[in-house]
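I opened this one with a fresh page and a cup of tea. Here is what I looked up, in the order I went through it.

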Amino acid sequence: MPETKESLLKHYVPYQLKEGEEYMNEAQLEHFKSILNAWKRELMEEVDSTIHHMQEDAANFADPSDRASQEEEFSLELRTRDRERKLTKKINETLERIEDDDYGYCDSCGVEIGIRRLEARPTATLCIDCKTLAEIKEKQLGS
Ligand SMILES: [Zn+2]
């Protein structure tokens, strides 16, 4: 099963752009800061429930014939936690970028990444063009 599902934030209110509004002004930065913080909270709760689940399962570990499937399940959950930890780290780095006034611009070519793209993927550091290009290159290397 592919692990590409970067669980996206379930609830946020899309930013209402005013006409002629400056890109990445104070209000927009606040908007993304609150999205990122909410996302981080969600992830932490997920991690908590995973740990809880594993402890509960371990307690019901009476039958040795269940062990194999149990271990499989645990390793899946550990992978999930690993993914969550990496994502949390990425979110923290993104929050730092906001503090450094470095948020919302493509790392590769410097153009504005765009509000809507950032709302869909708040940790994006590349514009859609550079991202697409990077994915094509990745595919070529992988084949
Ligand atoms: Zn770019």
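The entries below go from the overall fold to single residues.

**Entry 1: overall fold**

I note at the start that this is a predicted model. I began with the secondary structure, and I found four helices and zero strands in the protein chain. Reading along the sequence, I wrote the pattern down as α-α-α-α.

Next I looked at burial: of the 143 residues in the protein chain, 33% are buried. The chain exposes about 9900 Å², and I see that carbon and sulfur atoms supply 52% of that area.

I also checked how contacts are spread over the sequence. Among contacts with a separation of 6 or more, 61% are between residues 24 or more positions apart.

**Entry 2: helix α2**

How far apart are the end C-alpha atoms of helix α2? I find them 47 Å apart. The helix covers residues 67-99, and its 33 residues at 1.5 Å each should span 48 Å, so the two values agree.

I then listed the residues of α2 that are buried. Towards the start of my list stand Q70, F74 and E77. R83, E84, L87, T88 and I91 are buried as well, and the list goes on with T94, L95, R97 and I98. I was pleased to find charged residues such as R97 in it, and I come back to that one below.

**Entry 3: the zinc site**

Which residues coordinate the zinc ion? I find C106, C109, C127 and C130, each through its SG atom, at 2.3 Å. In sequence these donors are spaced C-x2-C-x17-C-x2-C.

I checked the geometry too. The angles among the four donor atoms run from 104 to 113°, and the site is tetrahedral. For four tetrahedral donors the ideal angle is 109.5 degrees.

Where do the donors sit along the chain? I placed C109 in the loop between α2 and α3 (115-120), and C127 in the loop between α3 and α4 (128-142), so this pair ties together parts that are 18 residues apart in sequence.

Is C109 buried or partly exposed? I read a relative accessible area of 43% for C109, which puts it in the partly exposed class. C127 comes out at 7%, and I noted it as buried.

**Entry 4: salt bridges**

My search of the whole structure turned up eight salt bridges. I wrote up three of the pairs.

I started with E30 and K33, whose side chains meet with N to O at 3.3 Å. Both sit in helix α1 (residues 26-59), and because they are three residues apart there, about one helical turn separates them. I have E30 as partly exposed at 41% relative accessibility, and K33 as partly exposed at 21%.

My second pair is K89 with E93, where the closest N and O atoms are 3.4 Å apart. These two are four residues apart in helix α2, so again I count about one helical turn between them. K89 is exposed, with a relative accessible area of 54%, while E93 is partly exposed at 40%.

The third pair is E135 with K131, and here I find the closest N and O atoms 3.9 Å apart. They are four residues apart in helix α4, which means about one helical turn lies between them. Both partners are partly exposed: E135 has a relative accessible area of 40%, and K131 has 34%. I also traced one network, in which salt bridges with shared partners join E30, K33 and E99.

**Entry 5: R97**

I went back to R97, which has its place in helix α2. R97 counts as buried because its relative accessibility is 16% and the cut-off for buried is under 20%.

What does R97 touch, leaving out residues up to four places away in sequence? I listed D102, Y103, Y105, D107 and T125.

**Entry 6: positive phi angles**

Last, I looked at backbone angles. M24 is not a glycine, yet I find a positive phi of about 60° there. M24 lies in the segment before α1, and it is buried with a relative accessible area of 10%.

D101 is another residue other than glycine with a positive phi, near 60°. I located D101 just after α2, in the loop between α2 and α3. At 60% relative accessibility, D101 counts as exposed.

Technical notes: Residues numbered from 1 in each chain as written. Predicted model: local features only at pLDDT ≥ 70, side-chain atom pairs only at ≥ 80, totals over all residues. Heavy atoms only, no water. Buried < 20%, exposed > 50% of the residue type's maximum accessible area, 1.4 Å probe, protein only. Contact = heavy atoms within 4.5 Å. Areas by Shrake-Rupley, 256 points an atom, 1.4 Å probe, with all protein chains shown as cover. Expected span 1.5 Å × (residues − 1). Donors = N, O, S within 2.8 Å, 3.2 Å for Na, K, Ca; no water. Tetrahedral: all angles 85-135°; square planar, octahedral: opposite > 155°, others 65-115°. Salt bridge = Lys/Arg side-chain N within 4 Å of Asp/Glu carboxyl O.
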